[in-house]
Amino acid sequence: MQVFHAFKSGPGSNVMGRGRLALGLAIAMVVFVGIGMSLFRPLYRADNGMAGPTSESDIDGELDEVPREGKSPSFTAEVAPILTQYCAGCHSEDHAEGGFVLVSYPNDATAAKDTEVWQRVAAMVPSRRMPPAGHPRPSQKELEVIAVWLDQAAGRTVDPGRVTMRRLNRAEYNNTIHDLVGVTFNPADDFPADDSGDGFDTIGDVLSVSPTLVEKYLTAAEAVVNAATANPSIWKRITTPPEQDYIPFVLRGMPPQRADAVKGLRETPDPEAATRAAEIDRAYYALQAFADRAYRRPITHAEMYRLMRFVDMSINRGEGPDEGLKLALKAILVSPHFLFKVEQGPRTVDDAVSPLSDFELATRLSYFLWSSMPDEELYRLAASRKLREPRTLIAQVRRMLKNPRSHALAEQFAGQWLQTRALTEVARDTVLYPGFDAELVQAMRTETDMFFDDIVKEDQSVVELLTADYTFANERLARHYGIAGVSGTNFRRVSLAGTGRSGILTHASILTVTSGPTRTSPVKRGKWVLENMLGAPAPTPPPGVDGLKDDHAVKPATIREQLERHRSRAECAACHARLDPLGFGLESFDAVGARRERDGESPIDASGLLPDGRTFRGPAELAAVLAERPEDFARCLTQKLLTYGLGRSLKAADWRAVDRVVRHAARNHYRFSSLIFAIVSSDPFMRRHNQPEEMR
Amino acid sequence: MKRFATMSRRTALRGLGATIALPFFDSLLPRAAAMAARPMRLVFIYAPNGKHMPDWTPEVEGTGLQKLPPTLKPLEKVWEHVVVHSGLAQRTADPGTDGPGDHARAMATFLTGVRPHKTSGSDVRVGPSVDQAAAAVLGKDTRLPSLEVGCEAGKPAGTCDNGYSCAYQTNLSWRTATVPMPKEIDPRLVFERLFGDRTGPDADVAVAKRERDRQSVLDFVAEDSQQLRRSLGGSDRQKLDEYLTAVREVETRIRSAQPATDIGQTKLTRPSGVPENYQEHARLLAELIALAFQADLTRVATFVLGNDGSNRSYREVGVAEGHHDISHHGGDPVKFKKLSTVNRFHVSQLAYLLERMKAIPNGDSSLLDRCLVVYGSGISDGDRHNHDDLPVLVAGGGLRGGCHVRHRANTPLCNLYLALLDRVGVKADRFGDSNGRLPSLSG
């Protein structure tokens, strides 16, 4: 805490009194670098005006790590009356809606101690997920009172959570093998599909290891090492030790014991023995360099000792050192240190919460942004313990986002968030949709990938995802969209003017994955918008009441009419009143995302309604309406990015981190890199709880 | 990408065409002869989204059935081997206090009889499944303790059924409560797992060296893991244990697996990938299961015709709508008809496997007589999502078939599994939510 005050009064504090200092970072730095670290001062600050981002340097290098501004409200006098008015109706002890009960407290201090309750309130109320639509909701001013109180009084204990040790998923395995070895084939394509949780295949808890997978790991390791051996330039690179070892010696633990044997060989006058010693040395340092990269941290002397047994064994068998080297490489590729992202933090820290080690941080960063291992620059920064300096970190985030490897964000993150990866499974009735073929599907996927990648590489505002008046198309897709003058198979940037399209909501990829084989599904589309643009969980149907009936005396002409009837049934109405009207707004595009004026014989009615009561007509207007509250969209995107990047389900305790990312992004025009920087600087990303949850 | 295409019978059989021998078997002939005792096998086949029950359930009980119900029609040629069991239930799939998510629960409970822990991400828990309980005993001597195949991979994006992790909806087989056995979709990969590296000249020498190398690699990583394990706690340690158990299992298998049984010439060539056509895909997988049993490479298999909740369309049989969409039929007779068509199409894949196994001699009887086949769904009526009176049948294994048994309502499906385990010589007094053992598997 002292450190914190010292920073605050130093040259780093700012005139507005926000004192945007990274408390978490400060502690981390004390632990790692010592108090002598004084380069902590504000970098650049963006105007709070509405002008768009101008240059790279105007991103704020600091985060809101202090409570929201404002006088601390009194719980009993100010907060409790609001909760009583809006929440107590359903969350009284009698009703206990959703198993959640609000009770009264004798005084402010008692109330503040009930952190679990406030974490849940904090996760639901400021983001307007509660109270649900259709119920009276607190005003903006009242919300602000709650938010300030929550931030100042409740949830003071910060729990950064704990990520279950996770294995590489298929994409990560392939990318890592490419970067580590240099071979270009994709061994993990033959692995069983990864299970996903919370919509992402990076969730440690659901990435399991079956015997089948271990067999595949063995086969893949053999194939990779064989391919490396067969390629002279790759093999030379792997077997030539680096000029020098830049890993500080202490990081390798106890010194090696194997030296004796080599020493014995070196000291004999026999030139053959000296050659053998040199060969063993070469194998040793080549393996060490490879293992350092494969394990994403310095390999210890003790581990090297065991790895060298492979080399000893093959020499003793008279097969020469290379056979053993190959076997050792295979062993590295099947080792848990390679297959899992092991996080242990610095082992000397006894606190409940500790920062990740520098190498663990580098690993989280590179798998988050690249779906692959850290490159040499990250590795060196980790080795010299510079990576967690905010100035270095922000520069690295920018560098990594500009690097071609950040395409993984479009492919892996956006592919799952926006669900465009599901295009591979999409089937369409060829009679109803004669133009639907593999080429079009590929074009759809490419469009959304390129568009997202463009937002990342150009560091644009994430709001552009909703409102961009351009996209990327080749001839096939342009024809599908009715855009003239695009020919050939190459994709290029095209204007969407006059097409009625704007942003991802009108991408054919998304309109297709949210439809069925023979028709559009406003329900699915509404659910998609709620879950992925607004971050609100979609309500779930009770059994036996979903499904559309076609057995009315007069057949409804359009899907919209069918759904209107559906909603006239009381048991369906409550939920579908939230889902359908969102999806209706997208009805002017058919089940393959082509523009249409009619559904069957009837004209399209693309008027829609948001859960909060705002209305719109057509997808472009929906996008514009969503963009009116960029903080809601940014919050949703932040939650998705954080889940994906951490590899675990978000918990109520994460609200504070999410809230800070959104506030930081808001000050920085919602530029993509500002979200990423704030996420990777957040407590959940930088630190971990040392105790497993079940043992606390 | 799966698209619709009309297909001829010829295309359907492509991939099963040319005759190529699998040469490695010959060299193993003498030892194979020692394996005279003919083992029992088990295969579980899962079909998604329930059935149109009026077209599934035989009208009368016992053996006096005059005419097969429409959905079971494809089983005509093997009917004497089939016993339909009505009235069985998997009540662990009921909503209870967990709310919606019947498709995930149907699939997760079908072979486990354990209520899955409702979670979208952390702490996935359900199994183990009955096939794995059997494999722990039957699979001890074979190259693969069990084989898991299916026609539909996991969802490539998006969340799964109402707050359940996708793990519940894509895996039928669970090795332990937390480790699912993922299924192989690609027939080429199934083939390679079974036979791949054992073909060609010098196969024996290459295999021997490779297995020696694998042993030393696995020894190394097991030691590595032990060291790491000491510094881990909680869920991390649990994950590492998953890995370590798998490593040990592969090690044991390399060390002690029995050689395959000679199956002589086979018509199967190395498949080139996942066929676009559903029936071709399903038949190729059925063929591989039959071959694996015949060569005694494994004795337990699970076969998923579709993940529960699957919205695949079956244009091959004239159903363009998604299967899940029509399973919510709302009482519409048009949808009933389509559902029934899809159900029959799935049953005809079962029929193919049964007929195939019946044609393969095994000692003085057929492979089918030495293999018990369970076929069913974890949902009865797709619109109601009910998990009682499930569509379930048992075939083969030398059962006296051609009959329909109706059990007391709500008899746990796990009671049938106990009888099944009993029949293949696996001792168990309880499994999942069992409350007794079916007295008999046939009528």
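In this predicted model, A:Leu505 is in contact (heavy atoms within 4.5 Å) with A:Leu466, A:Leu511, A:Trp528, A:Val529, A:Met533, A:Leu586, A:Pro619, A:Leu622, A:Ala623 and A:Leu626, leaving aside neighbours within four places in sequence. A:Leu505 is found in the loop between strand E5 (492–495) and helix H22 (508–513) of chain A. Helices here are DSSP runs of H or I with at least four residues, and strands are runs of E with at least two, numbered from the N terminus. With a relative accessibility of 1%, A:Leu505 counts as buried. The classes are: buried, under 20% relative accessible area; exposed, over 50%; partly exposed, in between, with a 1.4 Å probe and protein chains only. From A:Leu505 to A:Asp453 the C-alpha distance is 16 Å, at a separation of 52 residues in sequence.

Allow me to state the conventions. Residues are numbered from 1 along each chain as its sequence is written, and chains are lettered from A and ligands numbered from 1 in the order in which they are written. Because the model is predicted, local features need pLDDT of at least 70 and side-chain atom pairs count only at pLDDT 80 or more, while totals for chains, interfaces and linings use all residues; side-chain values use heavy atoms, with hydrogens and water left out.

I turn to chain A as a whole. Its secondary structure comes to 30 helices and 10 strands. Of its 696 residues, 58% count as buried. Among contacts in chain A between residues at least 6 apart in sequence, 70% join residues at least 24 apart.

One element deserves separate attention, namely helix H8 of chain A, residues 211–230. Its 20 residues should span 28 Å at 1.5 Å a residue, and the end C-alpha atoms are 29 Å apart, which agrees. The expected span is 1.5 Å times one less than the number of residues. Of those 20 residues, 14 are buried, so H8(A) is largely enclosed by the rest of the structure.

Next, the interface. How many residues of each chain are in contact with the other chain? For chain A the number is 83, and for chain B it is 76. Between them, the two chains bury about 6,600 Å², with 54% of that area on carbon and sulfur atoms. Buried area denotes the accessible area, with a 1.4 Å probe, that two parts lose on being put together, summed over both. A:Pro211, A:Glu215 and A:Arg306 supply 10% of the area that chain A buries against chain B, more than any other three residues.

Across this interface the rule finds 11 salt bridges, where a salt bridge is a side-chain nitrogen of Lys or Arg within 4 Å of a carboxyl oxygen of Asp or Glu. One pairs the side chains of A:Glu215 and B:Arg253, at 2.5 Å from N to O. Several elements of chain A give two or more residues to the side that touches chain B, including H8, helix H12 (301–316) and helix H19 (438–457). H8(A) gives the most to that side, with eight residues.

Which residues join A:Glu215 in a network of salt bridges? They are B:Arg175, B:Arg193, B:Glu249 and B:Arg253. Within this network, B:Glu249 forms a salt bridge with B:Arg175, with the closest N and O atoms 2.2 Å apart. That pair links distant parts of the chain, 74 residues apart: B:Glu249 lies in helix H9 (residues 234–256) of chain B, and B:Arg175 in the loop between strand E5 (173–174) and strand E6 (180–181) of chain B. B:Glu249 counts as buried at 16% relative accessibility, whereas B:Arg175, at 24%, counts as partly exposed.

A search of the whole structure finds 64 salt bridges over all chains. Among them is the pair B:Glu321 and B:Lys338, at 2.6 Å from N to O. B:Glu321 lies in strand E10 (residues 319–322) of chain B and B:Lys338 in helix H12 (residues 333–359) of chain B, so the pair ties together parts that are 17 residues apart in sequence. B:Glu321 is partly exposed, with a relative accessible area of 22%, and B:Lys338 counts as partly exposed at 22% relative accessibility.

I close with B:Gln169, which lies in helix H6 (residues 166–170) of chain B. Is this residue buried or exposed? At 10% relative accessibility, B:Gln169 counts as buried. Its side chain reaches the backbone oxygen of B:Asp308 at 2.9 Å. Beyond four places in sequence, the contacts of B:Gln169 include B:His103, B:Met107 and B:Asn307.

Technical notes: A polar contact is a pair of N or O atoms within 3.5 Å; within protein, one must be able to donate a hydrogen and the other to accept it, and residues adjacent in sequence count only if both atoms are side-chain atoms.
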